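Have a look at the model below, with an eye for how its features earn their labels. We will take the labels one at a time and check each against its cut-off.

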Amino acid sequence: MPFLTLPTEVVELVLISTAAAGHPEAIAAFSQTCRAHRDLVYGPSDHHLWREIFLTTFDDLRISGGGPGWSEVEAHKVTCHKSPPFDWGEEYRRRIWAAHYIRRQTCPLASTLEDEEPEDFRFSELEIVRRNTRALDALVSVVLTALPCPATIVFSFIPPDETSHASDSPSSSYPTFPPLPQAMSGASSSIIPMGPFDGSGRGFGQALSARNMSWLQAVLKRGYPPSVTARFCGDKWEGGIAGQYLEEDDFKEIQSAGRLIACTGFKTVPQDIQHRIPRNEIAEERVTLPDHSEEQQLRRARRLARMRVYNMRYLARERHWGPFLPCQEKRTHGSEMRVDDDELLQPILALFRLPGAHNEGENGEHEHEHLTDEEEDDEGNGDGGEEDTDEETEEGGGDEGIAPILPAGPPSPAQLRPDWAYLAAARMVVEANLREAFSAEDLTGLISLDGLRPGSAPWDAALYKPPEPENGKGKEKATDADEVEGWDWAGVTGIWKRCVCWMDYRDLILHNLSGEFEDPNLAEAVRVIAMQLRITSYSPSEVPGYEHLPTIHVAGQTTGASLVGHRRNIHGTVGVVADGSVRWTLQFSSVEGGQGDEWVSEGIQIGGVASAMGVLGMWTGAQHERMDPLGPCWAWKVG
């Protein structure tokens, strides 16, 4: 029977089955056989065919993107503003193109002939950068539209011992890392899925597994395009500490790559495809990897990440002293601004009032300030981290002869967006430290791609119910200071674990002066601290378009003992920034139990709302003094 005589419905089922079998390119080939077939594939205006093709591979966008409080599709529609009809075909083709592009970049047998250079490497450097960005953005959209996880409750894993102080530390009976069911070898009796389920494993419109994450894992099996990976394991960061000197296209690429690395972790370039790194007079210096081994790539990536997360010059008012970029950022064109490394070091040299990098004594040797043994003992006692009670920031930090600079106030949440390059570096540093302290099996629940899904952190659906729209005070005329009705849409309430990394304060200064971080014996202090958080109130969102997500005001305390046996009180807010990313701001009191805040952490939720992967960010001094240390942190919910 000629194919043209088949009913349209039958032909459509064949095309859908072809996509489900993993051959999406056959649909494009079919459309090129004749005009009638092309009209069948690309002509329909209601997109029903492409919707069914899309759903063979990816999660349903109509029930994705929610979190606690969005357990039903209708509730999600009520809380979200209206959006134009979704083009299923365009998004499907964009993702499939990205998969094929990355496969051609990373698979050793992707080209037809072994001696034939892949087509993607014949383009100019600018075109390669733009194609990389296009592919990376498509993969990010896969993360952001993954199906939410069903609600779960996590009970204590370890029965309290009558002789233990379980009442003083309720978090001690919870796991160290997220108890993600999808990442665990077997179901635990302590993880209870909530709600009615049908035969397909769905509950409240959610599923235990997500097609998006399975597809993403397969696409990234051999890593990112080599030129992208090389940006994160080279000799130094390009374009300044915040990419302010990068060309516009390069800046977009490193931000898109940083966002994906923050979600999936750093991946090395396989040795059998390193010859595919673009080689031309412009790109060679930028993307050449000095050492091809996986171990050396990881070492260089960790060093480069440390250069960013511990860079004291990164702290700035315009970034609200956090991993953010201003929405209206004034960046210097790459061809107009080139600054020598020594010139970049001058502000930090003046900051600490140390001799210049090239001051020489009479004998022609560099002069350095040498501490006495007593001074070395006093200064070496403190690590400069959050758990250190010594006030290193007061040593030499008076600057009495310098008048304080009083610029304008810090930007509002509506004026900020995440700096994904910094967040990627934060993940690389913290993950490397965790891998040295824990086994790969222990980290499974934290780094699993299913942990990026909305609602994958432990939460009870019965506790997260949004208020009725007509009853919310937010609908009334009110000042920004007024409280409104809300709900725990971010999954704040519960037990959290927070990994904090810091360097000895002397090492922090010395490595900021040298900018090298090459010391093979360099070690960071790493602490995993438990927190118990609760909600105190809600206030209107400051970001236009996100009025349905009130700012959550939180309070709590660190539930485990610190190094000196004291707990810290916590207070802060959870809201959104300009692009809709969820921002976490937590203030930590001094260990003496005073009312003043000593440390502050700023972070961004990774993946969907209330994801098990948690919040990546940075910590620094709460008073934002000039001598404040800084470092990366990573928090995740366990119960």
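Here are some questions and answers about this predicted model.

Q: Why is Val 14 called partly exposed?
A: The relative accessibility of Val 14 is 35%. Buried means under 20% and exposed means over 50%, so Val 14 falls in between and counts as partly exposed. You will find Val 14 in helix α1, residues 8-20.

Q: What makes Val 14 eligible for a nonpolar patch on the surface?
A: A patch takes residues with over 30% relative accessible area and no salt bridge. Val 14, at 35%, passes that area cut-off. Val 14 forms the patch together with Phe 3 and Val 10, and the accessible area of the three is about 210 Å² together.

Q: Why is α1 called roughly parallel to α4?
A: The axes of α1 and helix α4 (residues 48-55) cross at roughly 30° and come within 8 Å. Angles under 35 degrees count as roughly parallel, and that makes α1 roughly parallel to α4. As for handedness, α1 passes α4 in a right-handed crossing.

Q: Why are α4 and α6 called oblique to each other?
A: Their axes also come within 8 Å, but the crossing angle is roughly 40°. Roughly parallel needs an angle under 35 degrees, and roughly perpendicular runs from 65 to 115. An angle of roughly 40° fits neither of these, so α4 and α6 are oblique. The α4 and α6 crossing is left-handed.

Q: How do you know that Arg 95 and Glu 91 meet in a salt bridge?
A: Look at the N to O distance, which is 2.8 Å. The cut-off is 4 Å between a side-chain nitrogen of Lys or Arg and a carboxyl oxygen of Asp or Glu, so the pair qualifies. Arg 95 and Glu 91 both sit in helix α6 (residues 88-106), 4 residues apart, about one turn of the helix. Both Arg 95 and Glu 91 are buried. They also belong to a network of salt bridges that links Glu 91, Arg 94 and Arg 95. The structure holds 15 salt bridges.

Q: Why are Arg 427 and Glu 431 said to be separated by about one helical turn?
A: Because they are 4 residues apart in helix α15, the separation is about one helical turn. The closest N and O atoms of Arg 427 and Glu 431 are 2.9 Å apart, in a salt bridge. Arg 427 and Glu 431 are both buried.

Q: What makes the contact between Glu 436 and Arg 302 a salt bridge?
A: The N to O distance is 2.7 Å, and the cut-off is 4 Å, so the pair counts as a salt bridge. This pair links distant parts of the chain: Glu 436 is in helix α15 (residues 420-437) and Arg 302 is in helix α12 (residues 294-309), 134 residues apart.

Q: Why does Glu 436 count as exposed or buried, and what about Arg 302?
A: Glu 436 has 59% relative accessibility, over the 50% mark, so Glu 436 is exposed. Arg 302 has 17%, under the 20% mark, so Arg 302 is buried.

Q: What makes the phi of Trp 321 worth a second look?
A: Most residues other than glycine have a negative phi. Trp 321 is not a glycine, yet its phi is positive, about 50°. Trp 321 lies in the loop between α12 and β5 (324-326). At 13% relative accessibility, under 20%, Trp 321 counts as buried.

Q: How does His 624 compare with the cut-offs for burial and exposure?
A: The relative accessible area of His 624 is 27%, between 20% and 50%, so His 624 is partly exposed. His 624 is in the loop between β13 (615-621) and β14 (630-637). Phi of His 624 is positive, near 55°.

Q: How do you know that Trp 459 is buried?
A: Its relative accessibility is 3%, and buried means under 20%, so Trp 459 counts as buried. Trp 459 is in the loop between α16 (444-447) and β7 (494-502). The C-alpha atoms of Trp 459 and Gly 491 are separated by 6.6 Å, with the two residues 32 residues apart along the chain.

Technical notes
Residues are numbered from 1 along each chain as its sequence is written. This is a predicted model: local features need pLDDT of at least 70, side-chain atom pairs count only at pLDDT 80 or more; totals for chains, interfaces and linings use all residues. Side-chain values use heavy atoms; hydrogens and water are left out. Patches are made of residues with over 30% relative accessible area and no salt bridge: like charges are joined within 9 Å, nonpolar side chains (Val, Leu, Ile, Met, Phe, Trp, Tyr) within 5 Å. Accessible areas come from the Shrake-Rupley method with a 1.4 Å probe; for residues, only the protein chains shown count as cover. Helices (H or I, at least four residues) and strands (E, at least two) are DSSP runs, numbered from the N terminus. Buried means under 20% relative accessible area, exposed over 50%, partly exposed in between (1.4 Å probe, protein chains only). Axes are lines fitted to C-alpha atoms, for helices over the stretch in contact, and angles run from 0 to 180 degrees between N-to-C directions. Angles under 35 degrees count as roughly parallel, over 145 as roughly antiparallel, 65 to 115 as roughly perpendicular and the rest as oblique. A crossing is left-handed if the near helix is turned anticlockwise from the far one by less than a right angle, and right-handed if clockwise.
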